[in-house]
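This report goes through one protein chain, residue by residue where that helps. Start by looking at the sequence and the fold.

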Amino acid sequence: MAPLNAILAPAWQHPYVNIFKLVDAESGKEVEQYGDVASAMDRIIGKKVFKIRGVIPAANYIRVPRFKSQSLGLTGRFLYIQVKLSPVKVFAIHLEVTTADLCVHRVSISTMYRDQHSKRKSGGIQIPYPHASHRWCIMAVDLAGVLTGFSSSPFQSLRSVQLCAWLTVRSMFTSDTKFSLQSLPGDMALSHALDSSLFEQVWLPAEPMDVP
């Protein structure tokens, strides 16, 4: 595995990077797990997943990389998270994004936010999640798009990801390619046995129209 505190070569990251493989999430050596976090085999997609439970999101989470002094250094514009949420539970996902001027921006995605549009608060950029269903989902985050209107400097790299209760996650990927449920590469597909129509895809903050 490449050093986590180094910016990885863009050529190495194409066509995509499996973040959980990069940090060897199964061993837990490069991942911080806190609170009610457990691995299990999901009966729907038939794959190993991590279940993050608990009433307080900030007290139950998975963070990659493990140490705050490290950086993933992933330059792919799009972050794809294979996730299953609960329609009756709140969740939060926190991203640290570095811009070309080397500033670090905290981006938070959650059902706790009531505003319909993204906004900046003292803790960073808040993106409301539009809805949560019981279905497995590809949460697609346009890391360049989330900075629009909040930074004069363009996106450079993804520094870290913190997944907080309540949610179930299989893996995460970064890529410069815009994928749909039908065009996902094999590693990124939720299931090869089930039709993609059984799943959903949600773009945040909105589906980008500047790429095909």
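## L85: a loop residue

L85 sits in the loop that links strand 6 (78–84) to strand 7 (92–99). The model is a predicted one. Is L85 buried or exposed? Its relative accessible area is 9%. The cut-off for buried is under 20%, so L85 counts as buried.

Which residues does L85 touch, leaving out those up to four places away in sequence? The list is F91, Y129, A132, S133, H134, M139, W166 and L167. H192 is a distant reference point for L85: the two are 107 residues apart in sequence. Their C-alpha atoms are 21 Å apart in space.

## Overall fold

The protein has one helix and 14 strands. Its radius of gyration is 16 Å, and the globule rule gives 17 Å for 212 residues. The two values are close, so the protein is as compact as a globular protein of that length. The C-alpha trace spans about 45 × 40 × 40 Å along its principal axes.

Contacts can be sorted by sequence separation. Among those with a separation of 6 or more, 74% are between residues 24 or more positions apart.

## Surface and charge

Of the 212 residues, 53% count as buried. The accessible surface comes to about 10,100 Å². Carbon and sulfur atoms hold 53% of that surface.

The protein carries 22 positive and 16 negative charges. How far apart are the mean positions of these two sets? The distance is 6 Å.

## N60: a buried side chain with a backbone partner

N60 is in the loop between strand 4 (48–53) and strand 5 (61–64). Its relative accessible area is 10%, so N60 falls under the 20% limit and is buried. What does the side chain of N60 reach at 2.8 Å? The partner is the backbone oxygen of I56.

The contacts of N60, not counting residues up to four places away in sequence, come from several parts of the chain. They include Y34, G35 and D36. I52, R53, G54 and V55 are also touched by N60. L163, C164 and A165 complete the list for N60.

## H94 and Q126: two strand residues

H94 belongs to strand 7. At 14% relative accessibility, H94 is buried. Its side chain makes a polar contact with the side chain of S108, at 2.7 Å. Beyond its neighbours within four places in sequence, H94 is in contact with R106, V107, S108, S160, V161, Q162 and C164. H94 and S110 are 16 residues apart in sequence, and their C-alpha atoms are 8.8 Å apart in space.

Q126 lies in strand 10, which covers residues 124–128. Its relative accessibility is 17%, so under the 20% cut-off Q126 is buried. Not counting residues up to four places away in sequence, Q126 touches S108, Y113, H117, S118, K119 and K121. S108 thus recurs: Q126 touches S108, and H94 is in contact with S108.

## Cis peptide bonds

Where do cis peptide bonds occur? One joins V64 and P65, with omega about -5°. P65 is in the loop between strand 5 and strand 6.

Another cis peptide bond joins L204 and P205. Omega is about -5° here as well. P205 lies in the segment after strand 14 (200–204).

## Positive phi outside glycine

D24 is not a glycine, yet its phi is positive, at about 55°. D24 sits in the loop between helix 1 (19–22) and strand 2 (32–34). How accessible is D24? The relative accessible area is 39%, and D24 is partly exposed.

L102 is not a glycine either, and has a positive phi of about 70°. Its place is the loop between strand 7 and strand 8 (104–110). Is L102 buried or exposed? Relative accessibility is 63%, over the 50% limit, so L102 counts as exposed.

Terms used:
Residues numbered from 1 in each chain as written. Predicted model: local features only at pLDDT ≥ 70, side-chain atom pairs only at ≥ 80, totals over all residues. Heavy atoms only, no water. Helix = DSSP H or I, 4+ residues; strand = E, 2+ residues; numbered from the N terminus. Rg over C-alpha atoms; globule rule 2.2 N^0.38 Å. Buried < 20%, exposed > 50% of the residue type's maximum accessible area, 1.4 Å probe, protein only. Contact = heavy atoms within 4.5 Å. Areas by Shrake-Rupley, 256 points an atom, 1.4 Å probe, with all protein chains shown as cover. Lys, Arg positive; Asp, Glu negative; His and termini not counted. Charge placed at Lys NZ, Arg CZ, Asp CG, Glu CD. Polar contact = N/O pair within 3.5 Å; in protein donor to acceptor, adjacent residues only side chain to side chain.
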